[in-house]
Amino acid sequence: MTKYLPNTDSDRQEMLAAIRAESIEALFADIPKDVRFNGDLNLPKALSELEARRLLAGLAAKNAEAGKYACFLGAGTYDHYIPATVDHVISRSEFYSAYTPYQPEVSQGVLQSIFEYQTAICELTGLDVSNASMYDGATAMVEAVVMAEATNGRKRVVLGQSVHPEYRQTLKSYNAADRFDIAEVPFKDGVTDVAAAKAAITQETACVICQVPNFFGCIEDVQALAEAAHAAGALFIVVANPISLGLLEAPAAYGADIVCGEGQPMGNPMYYGGPHLGFFAAKEKLVRRMAGRIVGQTVDSRGQRAFVLTLQTREQHIRREKATSNICSNEALNALAALTYLCTLGKQGIKEVAEQCLAKAHYAHGQFKGKVKPAFKAPFFNEFVVKVDDPAKANARLLKDNILGGLDLGRFYPELKGHMLLAFTEKRTKAEIDALIDGLEGM
């Protein structure tokens with residue numbers, strides 16, 4: 001809501017005089033009168049400022065936000081603690097009002113923040129180069145597929161059904177014209193069936209996609225999948241949870257050629273679903289096919305450290321046939337939040353967050369001893385699947401105790417009807433976890 005409208009009647013007259021218009025009505029003279037709206041809008045009568053604030057505050061209070069609930073809902077968007085430094089930095093007008101830094105002479109601050117973000121993503125993933133961020137995890141994965149096709153000229157895409165279902169759907173949406181031959185591999189005990197994956201990989205395979213941890217929170221046999229992909233000359237793409245990389249091995253160490261994913265867990269609130277942040281990193285040999293933009297470090301005419309947009313491979317900048325993607329604006333402010341988050345935590349801090357997520361999920365896993373049981377035996381990070389009779393009814397019951405329960409997997413996987421995906425972050429306390437378990441077991 002706009003807090004204050006500063007224009008007085010005299011201000012309006014002054015502006016009209018400046019543009020040589022007799023009245024506000026004269027601005028609409030070109031619109032035929034018979035198509036203009038006449039009469040009063042169907043709106044409530046005007047309120048005073050105090051009354052309007054009370055009304056809007058009452059409406060806002062009807063929303064259920066995670067700060068008032070114990071949130072065990074994850075599935076790609078997570079309720080992590082955000083240090084105060086993040087909001088302090090991204091609220092500076094130099095950053096939140098900045099747009100594309102085309103002119104490096106006056107954009108060094110923004111360019112440096114993006115460069116440092118790219119560096120942080122390379123540190124997390126172990127890969128050589130990162131771009132200046134993408135829209136979200138789903139579209140970042142699609143850009144990775146496009147990059148793989150452009151690299152080796154192949155069309156077949158092999159990905160597990162344990163990859164986030166919305167990411168897979170996004171790929172299918174991009175593939176409306178059948179550009180790719182998409183082969184989905186089934187899962188067994190919560191992880192990709194490696195034998196089925198190997199059978200699906202052919203000499204026409206452009207890439208093999210694996211999510212770590214996967215949609216069910218389980219840890220995949222990444223080594224076997226990477227070796228199978230490379231044996232066929234395909235690229236190995238990993239969709240990663242960045243928080244897990246504080247504890248799990250960097251994807252580059254087990255053969256990932258491209259790593260992408262959702263950066264929301266790094267200092268970005270859940271925002272009722274967005275805007276989010278897609279991160280993207282790859283081996284240096286693939287840099288010319290990377291979507292979006294890359295900020296590079298150089299020296300200016302005086303020999304001082306400086307930053308510029310080094311690679312801009314979108315259609316607006318180069319010939320269309322040479323462009324890698326038509327992705328336009330990146331998520332620079334969200335990327336700055338991620339960078340500030342990582343810098344605030346440091347190497348030890350991100351490890352501690354990951355360890356707490358792991359420990360709390362495993363504590364909860366060990367407490368289910370009644371009718372509610374974990375569904376899979378595979379190793380997991382901060383999420384796992386449980387069997388419940390009716391997830392919708394269970395979540396409605398938990399909500400009465402100010403608990404946001406898990407995701408009903410029957411929505412995406414008919415074979416997992418009666419299963420719920422639960423997520424645990426460092427914010428969840430032992431008391432909250434025990435209340436969740438008591439609530440589910442009490443059903």
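Twelve helices and 17 strands make up the secondary structure assigned to the chain in this predicted model. The C-alpha trace extends over about 75 × 60 × 50 Å along its principal axes. The chain comprises 443 residues, of which 48% count as buried.

Open space at the protein surface was examined next. Rolling a probe the size of a water molecule over the atoms shows where empty space is left. The largest pocket has a volume of about 820 Å³. Its lining is formed by 27 residues, and those that lie nearest the centre of this pocket are Thr77, Met270, Tyr272, Gly273 and His276. Two elements, helix H6 (137–152) and helix H7 (165–174), give two or more residues to this lining. The largest share is that of H7, which provides three residues. By residue class, the lining of the largest pocket consists of 13 nonpolar, nine polar and five charged residues.

The second largest pocket encloses about 360 Å³ of space. A total of 16 residues line this second pocket, with Ala120, Glu123, Leu124, Lys347 and Ile350 closest to its centre. Helix H5 (108–125) and helix H10 (332–367) each contribute at least two residues to the lining of the second largest pocket. Ala120, Glu123 and Leu124 fall within the range of H5, whereas Lys347 and Ile350 fall within that of H10. The largest share of the lining, seven residues, is supplied by H10. In composition, the lining of the second largest pocket divides into nine nonpolar, three polar and four charged residues.

Apart from the pockets, a nonpolar patch was identified on the surface. The patch covers about 560 Å² and is made by Ile19, Ile24, Leu27, Phe28, Ile31 and Val35. One of its members, Ile31, is located in the loop that runs between helix H1 (9–18) and helix H2 (49–60). The relative accessibility of Ile31 is 38%, and this residue therefore counts as partly exposed. That assignment follows because the partly exposed class lies between the buried limit, under 20% relative accessible area, and the exposed limit, over 50%. The value of 38% for Ile31 also agrees with its place in the patch, because patches are made of residues with over 30% relative accessible area.

Conventions:
Residues numbered from 1 in each chain as written. Predicted model: local features only at pLDDT ≥ 70, side-chain atom pairs only at ≥ 80, totals over all residues. Heavy atoms only, no water. Patch = residues over 30% accessible without salt bridge, like charges linked within 9 Å, V, L, I, M, F, W, Y side chains within 5 Å. Areas by Shrake-Rupley, 256 points an atom, 1.4 Å probe, with all protein chains shown as cover. Salt bridge = Lys/Arg side-chain N within 4 Å of Asp/Glu carboxyl O. Helix = DSSP H or I, 4+ residues; strand = E, 2+ residues; numbered from the N terminus. Buried < 20%, exposed > 50% of the residue type's maximum accessible area, 1.4 Å probe, protein only. 1 Å grid on protein atoms, 1.4 Å probe; cavity = no way out; pocket = protein on both sides within 12 Å on 5 of 7 lines; lining within 4 Å. Points joined across faces, edges and corners; volume = space filled by probe spheres on them. Nonpolar A, V, L, I, M, F, W, Y, C, P; charged D, E, K, R; others polar.
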